Amino acid sequence: MPHALLYVVRYFLLGLLWLFFLYAVRMIFIEMRRARSEQLPVAPQANTSGDRVVPLKLTVVDPPQRRGRVFELGEEVTLGRSPGCAVPLEDDTFTSSVHARVFRRSGELWLEDLGSTNGTWLNEERLANGPMRLRRGDRMKVGSTTLEVTR
């Protein structure tokens, strides 16, 4: 019996080691993808009407204790619990460290999930097949936080 227990413990520890390795590889790929997207040239936002371009923002809608917080959208912002994120959601336990990103491509805003555990939602639809385009009034859910794209 003691040998059987040692085998169980050995395989359990081996499994934990593999899980740690896979997590580390996942984080490396996320950072590589983020670094690659930062290097892509971004076309300036077209303004055909001659009006002043008003930058879009993310406004927290839910939960109530954070409602009204506003975050400026630049060329790229990340959302997550990590202090390095432009939109820090440090007290949202359902948000990954680097959960999602909002970025500009050809003058349009896009939302991309960065391999989060709980997924990223746009207008009650889960992002499953890559980035989705954002428009004013869209609502995204990251963890238990809901944000709206506003002017």
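User: Let's start with strand pairing: in S11, which residue is the bridge partner of Asp 62?

Analyst: Happy to help, and do keep in mind that this is a predicted model. Strand S1 covers residues 57-62 and strand S11 covers residues 145-150, and 5 bridges join the two in an antiparallel arrangement. In S11, the residue paired with Asp 62 is Thr 146.

User: In what order do the 6 strands of the open sheet come?

Analyst: The pairing in this sheet is antiparallel. Strand S2 (70-72) and strand S8 (125-126) are the edge strands, each pairing on one side only. Reading across the sheet, the order is S2-S1-S11-S10-S7-S8.

User: Why is strand S3 described as largely enclosed by the rest of the structure?

Analyst: Strand S3 spans residues 76-80, and a residue is called buried when its relative accessible area is under 20%. Strand S3 is largely enclosed because the number of its 5 residues that are buried is 4.

User: Does S3 run parallel or antiparallel to strand S4?

Analyst: Let's look at both neighbours. With strand S5 (residues 100-105), S3 shares 4 bridges and runs antiparallel, and Thr 78 stands opposite Arg 101 there. With strand S4 (residues 87-88), there are 2 bridges, and Leu 79 has Val 87 as its partner. The direction of S3 and S4 is parallel.

User: Which strand gives the largest share of the lining of the second largest pocket?

Analyst: This pocket has a volume of about 160 Å³. Its lining includes Arg 139, Met 140 and Thr 146, and divides into 2 nonpolar, 3 polar and 3 charged residues. The largest share, 3 residues, comes from strand S10.

Conventions
Residues are numbered from 1 along each chain as its sequence is written. This is a predicted model: local features need pLDDT of at least 70, side-chain atom pairs count only at pLDDT 80 or more; totals for chains, interfaces and linings use all residues. Side-chain values use heavy atoms; hydrogens and water are left out. Two strands pair if DSSP finds at least two bridges between them. Buried means under 20% relative accessible area, exposed over 50%, partly exposed in between (1.4 Å probe, protein chains only). On a 1 Å grid over the protein atoms alone, a cavity is a set of points where a 1.4 Å probe fits but cannot get out, and a pocket is an open set with protein on both sides within 12 Å along at least five of seven lines; lining residues have an atom within 4 Å of a point. Grid points are joined across faces, edges and corners, and a volume is the space filled by probe spheres set on the points. Ala, Val, Leu, Ile, Met, Phe, Trp, Tyr, Cys and Pro count as nonpolar, Asp, Glu, Lys and Arg as charged, and the others, Gly among them, as polar.
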